Amino acid sequence: MLKNIISALPEISLLIGILHLWFLFLAKTEKAKVYSAVARFWLLVSLFFSVLYYDKTFTSLLQPNSYTLLFYLLIGFFAYIVLGLSSYWFSAKNRLGCRYDALILLALLCFKLMQETVSLLVLFACYVLLNVMEWSLKGLNYDKKTDPENARLFWITLTIIILFALGLLYLSSQTTAPLSYQTIQTILTTQSDSLPCYLSAVFITIPFLYSLGIVPFHITAEDNAGKSILPVSHYFATIAPIALWGVFIKLNLQVLSPLKADFSPVYVLFALSSVIFGALGVNARINLYRINAYAKTYYLGIMLLLLSYFKAQTTYASFLIGLISVLAFNGMYLVFYSIKSRGEYLATTASLSGLAENKPYTAAILIVSLFSLIGMPPLAGFLAEMNIINGLISQKSYISLGIILFFWLVLAKAGLELIKAAYFEHRLKIYDTENTLLIFYIFLNILCLALVVFNPFNIIETMKDMFYVLYL
Amino acid sequence: MTDYLLLLLILLPFIGAMFVMSAKSDRHYAVNNVYRVSIWIMAVDIVLLLYTFSFFDVEKNGIQLIEKYQWLNNPEIALLLGADIFSMMLALSINLSLLIAAICTSRDVLHPKTLLASELLFISLLNGYLFAADIFSFYIFFSALSMPLIILVSTYGNQNKKNIFKRFSLYNLIGATLLFLALMLIYNLKGGNIPLNTIGHLNLTGTMQYVVWFSIFFAFVSRLPVWPFHYWMASINATLKNPLVFLTSNLIPLTGLYGFMRFWPNAVPATIGKYAPLFEAACIVTMLFISLISLSHKEIRYKLFAYTTVYCLLYLIGVFLPTGALKQNIGYSLFAYILIITVISFVLSHIEEIKKQLGLGQGILCYMPRASQCLSLFILAAIGLPVTPLFWNNFIIVSEIFNYSLLLGILVMLSMFIVALALLEELYRLKDKSYAACANINNIDLSKTRFIICMISLSILFFSFIKPLWFVF
């Protein structure tokens, strides 16, 4: 019993964190920073216990290992920044942010369980919970304007969840054993020619493509970033993609691999569509959050393309690219938090005008992030570019490579527009003073990008070893 | 220390750039401090270069002083540094000319911190580029070199700098992406990073060889002012007023030239080599057009840009000649060419500044005897006065071109002649007393320090004329 409790300490810490936030709310604490500090404290406790008991579990439904620890540490790191920065936004808006902090902790719990589980039922349950949680996060936009689009999106999400459930129902009808990854893989191997079986696998995959925002399931991707409040948009740009990608890789390798011959060309098609759509979308938008959302679609397209080969080398490359791009997106969000004028957070490309004159540190993180996204050596994006090209050449996918490189330049054009606005345009707004903690986060992000580049203590190799546990 | 000399030559200016960036910019003494530190760092870098020469066997061909630094284990990437006499000569001349330009540039400029930090970063990356001895290090420095230039062009370009920035960045990005594609194909074929001097042993066949070699070709061409890729360079280089920025911007084509020098001769297979005359034709068309335009252009800055373009393309044609014996000559000639452009550039900046202040036009040199002497001497040296290595070595290069093709030789000579005419015409205008407006102008000449620097530069060139590697003991 005690052993089980100890093994569950990372999850328990998150739950205690949520309860702690609730108590603070009942005690009428009115400072957003207090809620944020409490959430971050319990997050750190959870991360600490995760490292300590990284392979211990309280139930056979979960199988934590180095792979799951790697992803949890990464999402924990981004969550720490997201929680830290959100408090400034909530303070500026005279809001508590209690619900937001609790939802983020809950999301982390969902992601952790999704990473570690080997049961499709747990995965389904966590996915539903995650969608409810994300729906609540999007509801934090207190403008209270009724958006007719919301109802449509609600029904789409519900349909996708129902499809997931249908897939599971059919697969459960094919076996008496619990719906573990291993069981489903065996069913898919033995019945690979069966259409219902194939459709069930498709129904399991679609929800993840939808949540990741891969074309043609990108319906909510732009609005998640563009219509939500800044902290929620930050969550969708950093925590959600890296966490879901970890789950999606595991699902593909441990469940869907018998269908890889059928899935691979479809993935390639979706991936290239995402690349094209993402690169064009970035150039077509002037809202910074939406630009980021499209850039994310572009990178997710590349990641899916690399995953479509179902090879260890390319799958790891997809993870590394995801990590580097999310670091760059995080850098962009640090800039978005910084461009505030008279208490209002600005969100258009024009609001970057004259940034370099006023806020050199913020402009520095912008240029580092953008150059990194463009793949300029020796920045971290260069490693991503190298892994992409190397992966595609090794698979002899020259057409895909050509398409990716061409749209890379299209994406770079949009990046250069942002640099142009920040460095060459004249100042249009007077920015508010920069918070010292924001500068700390800026340096933290640059440090992380530098760690990827300089690879001290063989950090990249350590990450690789942790990732490859998935193949053992 | 000798094991880390090349790394030190890269790191020292980089550390200097970091220092400059961290300095306060709101106080006058801080700006002066930044200048002093930058100049000292450049000077120490030159001393280190000369010290490095002492470990060099100048009789020996090929890469020497190899240094290896492991970066990533998987994929295995180690940065390999090394130098040969050509890269050392180029590094020395570039470091020397940037030091001269830094000393002679007015301190009353916009954003002095940005200027000096970018210059130091440029020196660091350029040293890295010249000493890169494997394909990855080469690509990293090739691509990163555009960063300081983007900053410089965007800060000191003309009114149209926003569009120039975008065009310049995209051009460079396309070039860098193509080079990276080619290098990754080689990397995959060879199963790892390879030294630059083994490029010639690649056995590429079929479509692969076309993709690799044409990608490499276009990557380097993107840095050269060759038609039809010349437009961005003309729109940038001809409009830069600051001599340090002008010089830096004019050094960028040399990186393309150096790239060809490293990759092309003796490495390119015959199936690709047969297309070389097409490129030579493009070069000669560019040379002729730009020299003719310079003749009709009123701006001396443009004439200088035309001169640098024509000579850069002359060296490029030299690189493309089937003979591999010209490398050393091109190196010695480039050494003089860079120093000459540096001096002309800062003297012209001084003249332009005075012209702007006094509203004077032609004939201004009549009131500036020191500037007049410097400009006359260096323009004459630039067009072939036998006092610098430019004379000897250009003579050999042009002879080889004549040897290769009479028509090509005639056209090259013609463009060199026209561009020389354009420079002399402008010199005449600046010196012509009949245009001088008034006689009561004092204290507008070059300062004694700047004049001495010009003379020191001329002495260095003269010694190199007698013995090219006189500074190697």
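Domain bounds come from an automatic or database domain assignment. This is a predicted model: local features need pLDDT of at least 70, side-chain atom pairs count only at pLDDT 80 or more, and totals for chains, interfaces and linings use all residues. Residues are numbered from 1 along each chain as its sequence is written, with chains lettered from A and ligands numbered from 1 in the order in which they are written.

**Exercise 1. Describe how the domains of chain A meet.**

Step 1. Chain A splits into domain 1 (1-255) and domain 2 (257-472).

Step 2. Their C-alpha centres are 22 Å apart.

Step 3. Count contacts (C-beta atoms, placed from the backbone, within 7 Å). Domain 1 of chain A brings 43 residues, and domain 2 of chain A brings 41.

Step 4. Find the helices; helices (H or I, at least four residues) are DSSP runs, numbered from the N terminus. On the domain 1 side, α4 (66-92), α8 (181-190), α9 (195-212), α10 (221-226) and α11 (230-254) of chain A each supply at least two residues.

Step 5. Sort that side by class. Ala, Val, Leu, Ile, Met, Phe, Trp, Tyr, Cys and Pro count as nonpolar, Asp, Glu, Lys and Arg as charged, and the others, Gly among them, as polar. The domain 1 side has 27 nonpolar, 14 polar and two charged residues.

**Exercise 2. Describe the side of chain A that touches chain B.**

Step 1. The contact takes 23 residues from chain A and 25 residues from chain B.

Step 2. In chain A, α17 (380-394), α18 (398-424) and α20 (459-468) each give at least two residues to this side. The largest share, nine residues, belongs to α18(A).

Step 3. By class, this side of chain A holds 14 nonpolar, four polar and five charged residues.

**Exercise 3. Place the largest nonpolar core.**

Step 1. Set the terms. A residue is buried if 20 or more other C-beta atoms lie within 10 Å of its own, exposed if 12 or fewer, and partly exposed in between; C-beta atoms are placed from the backbone. A nonpolar core is a set of buried Ala, Val, Leu, Ile, Met, Phe, Trp, Tyr and Cys residues joined through C-beta atoms within 7 Å.

Step 2. The largest nonpolar core has 339 residues, and I75(A), I104(A), I302(A), L316(B), I340(B) and I344(B) touch the most other members. Domain 1 (1-255) and domain 2 (257-472) of chain A both contribute, so this core lies between them.

Step 3. Look at I75(A). Beyond its neighbours within four places in sequence, I75(A) contacts L108(A), F111(A), I239(A), I242(A) and A243(A).

**Exercise 4. Are K396(A), F457(A) and S249(B) buried or exposed?**

Step 1. K396(A) sits in the loop between α17 and α18 of chain A. K396(A) is exposed because 10 other C-beta atoms lie within 10 Å. Its phi is near 55°, a positive value in a residue other than glycine.

Step 2. F457(A) is in the loop between α19 (436-454) and α20 of chain A. With 8 other C-beta atoms within 10 Å, F457(A) is exposed too. F457(A) is not a glycine, yet has a positive phi of about 50°.

Step 3. S249(B) belongs to helix α10 (residues 243-263) of chain B. S249(B) has 24 C-beta neighbours inside 10 Å, so S249(B) counts as buried. The C-alpha atoms of S249(B) and V153(B) are 8.0 Å apart, although 96 residues separate them along the chain.

Key
Contact = placed C-beta atoms within 7 Å.
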